[in-house]
Amino acid sequence: MRIPVNTASHRYEVIIGSNILHTAFDSFDAMLKKADKLIVFTDENVWNAQGDYFKKHFPYSFEVFIMPSGEACKSFENYQNAHTFLIEKDCTRKSFLFAFGGGAVGDLTGFAAATFMRGIPFIQIPTTILAHDSAVGGKTAINHPLGKNLVGAFYQPEAVIYDTMFLQSLSKREVRSGMAEVIKHALISNENWLMQLMASPSITNIESGQLALHLKAGIEVKANIVAQDETEQSVRKYLNFGHTYGHALEAAAGYGGLAHGEAVMIGMVYALLLSERYGQISREFTRAFLSFAYKNGYPFHEVLKYSFETLQQFLLKDKKAEYGELKFVLLNKIGEPFVQPIELSECREVDIEYRSLLM
Ligand code: NAD
Ligand code: ZN
């Protein structure tokens with residue numbers, strides 16, 4: 001399956017399927033043969049779990065740079081090491097990068113590609129469910145000690161090659177985390193699709209063919225939005241549904257304490273509570289959604305570990321906060337997102353309401 005992504009700056013395709021790594025590069029063969037070096041950036045876990053499959057099916061010779069996994073991959077130190085590797089391997093502006101891993105590897109590799117010699121091309125080869133989101137749309141970043149994703153660039157890949165074979169070695173937690181972004185894409189776009197997801201007996205155990213269809217649907221939502229708004233001036237903000245409260249919780253837990261998607265799921269329930277006030281979401285729906293998420297193992301008890309005062313410091317650092325005013329993405333109905341400024345005092349009220357629902 002091929003999904004076109006047509007942004008203002010660049011057109012490319014997401015190629016998704018099972019066991020496609022050996023054939024997916026056919027359309028890029030001429031471009032890759034012109035490159036003087038192909039460099040694969042990956043992380044330790046991905047290389048241990050999937051390196052053999054990659055070496056067997058990747059059709060070109062390459063050099064590999066193996067990075068620490070998780071957020072450590074997105075440190076300034078690793079960013080510098082990545083550039084050192086490229087320089088020591090005599091890479092030039094004709095070299096080509098591949099991001100082989102989850103969102104962390106994708107974000108670091110994309111930013112390294114955007115900045116090495118003022119920009120060299122790269123291809124995303126995502127290996128997590130979450131990366132159906134992060135690999136598409138061209139946001140690249142590393143973390144600053146004072147905040148996540150604060151240093152980055154919009155820089156689109158030449159292609160995204162998504163071989164779902166890689167998903168087989170993901171832990172249940174990583175599957176759960178990634179599925180939260182799939183559910184987000186459904187919440188902001190399509191009620192029928194959401195109902196189908198909510199009817200799954202287990203969100204972490206969806207059959208692989210069906211899972212590929214959900215991932216395709218999620219990629220289409222993202223592609224459609226970034227085609228309209230590449231640099232988040234307008235509708236791209238909708239993709240941040242659940243992320244304002246989610247990011248605050250992720251920061252409070254110390255990055256890595258909560259998987260990104262786990263935090264986003266918790267943040268989406270908070271956004272639904274706010275949507276009851278500003279849109280037409282019913283308490284009945286919020287309760288049904290919460291019990292669906294709870295049943296699927298999302299760690300809602302994490303909220304109770306932090307006071308609102310702790311969360312509020314991080315809420316105010318959100319990139320969407322302007323002049324101290326918080327902006328939340330809310331839903332009028334399922335599939336109808338909008339952006340709403342919310343006073344901190346109301347955030348506190350809804351936080352209290354949330355905690356009482358969880359106890
Ligand atoms: P990740 O890359 O840290 O991967 C999660 C864990 O799974 C890591 O330990 C990794 O080594 C391991 N892993 C990855 N693929 C595996 C596989 N196939 N088998 C076994 N283990 C595997 O995280 P993620 O959840 O994919 O992405 C989260 C990151 O993505 C965050 O840094 C977040 O900021 C970023 N993100 C970026 C965007 C964007 O638009 N650029 C969007 C959402 C999230
Ligand atoms: Zn996200």
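The centres of domain 1 and domain 2, taken over C-alpha atoms, sit 26 Å apart. Those domains cover residues 2–169 and 175–358, with bounds that come from an automatic or database domain assignment. Before going on, note that this is a predicted model, where local features need pLDDT of at least 70, side-chain atom pairs count only at pLDDT 80 or more, and totals for chains, interfaces and linings use all residues. Residues are numbered from 1 along each chain as its sequence is written, while chains are lettered from A and ligands numbered from 1 in the order in which they are written.

**Where the domains meet**

How many residues of domain 1 are in contact with domain 2? There are 24, and they touch 25 residues of domain 2; a contact here means that two C-beta atoms, placed from the backbone, lie within 7 Å. On the domain 1 side, β1 (2–6), β2 (11–17), α5 (131–134) and β8 (147–154) each chip in at least two residues. Of these, β1 gives the most, with four residues. Helices (H or I, at least four residues) and strands (E, at least two) are DSSP runs, numbered from the N terminus.

Sorted by class, that side of domain 1 holds 10 nonpolar, 11 polar and three charged residues. Ala, Val, Leu, Ile, Met, Phe, Trp, Tyr, Cys and Pro count as nonpolar, Asp, Glu, Lys and Arg as charged, and the others, Gly among them, as polar.

**The chain as a whole**

The chain has 13 helices and 11 strands. Its radius of gyration is 20 Å, close to the 21 Å that the globule rule gives for 359 residues, so the chain is as compact as a globular protein of that length. (The radius is taken over C-alpha atoms, and the rule is 2.2 Å times the number of residues to the power 0.38.) Along its principal axes, the C-alpha trace spans about 60 × 40 × 35 Å. Among contacts between residues at least 6 apart in sequence, 74% join residues at least 24 apart.

As for burial, 45% of the 359 residues count as buried. A residue is buried if 20 or more other C-beta atoms lie within 10 Å of its own, exposed if 12 or fewer, and partly exposed in between, with C-beta atoms placed from the backbone.

**Around ligand 1**

Which residues are closest to ligand 1? They are Asn45, Gly102, Gly103, Ala104 and Ser134, out of 30 that surround the ligand; to be included, a residue needs its C-beta atom, placed from the backbone, within 6 Å of the molecule. Helices α2 (44–57), α4 (103–115), α5 and α6 (172–187) each supply at least two residues of this shell. By class, the shell divides into eight nonpolar, 15 polar and seven charged residues.

**Three loop residues**

Here are three spots to look up in the loops.

| Residue | Loop between | C-beta neighbours inside 10 Å |
|---|---|---|
| Asp90 | α3 (76–88) and β5 (96–101) | 9, exposed |
| Glu232 | α8 (208–228) and α9 (243–252) | 18, partly exposed |
| Ser234 | α8 and α9 | 11, exposed |

Asp90 has a phi near 60 degrees, a positive value in a residue other than glycine. Glu232 also isn't a glycine, yet has a positive phi of about 60 degrees. Ser234 and Phe338 are 104 residues apart along the chain, but 9.9 Å separates their C-alpha atoms.
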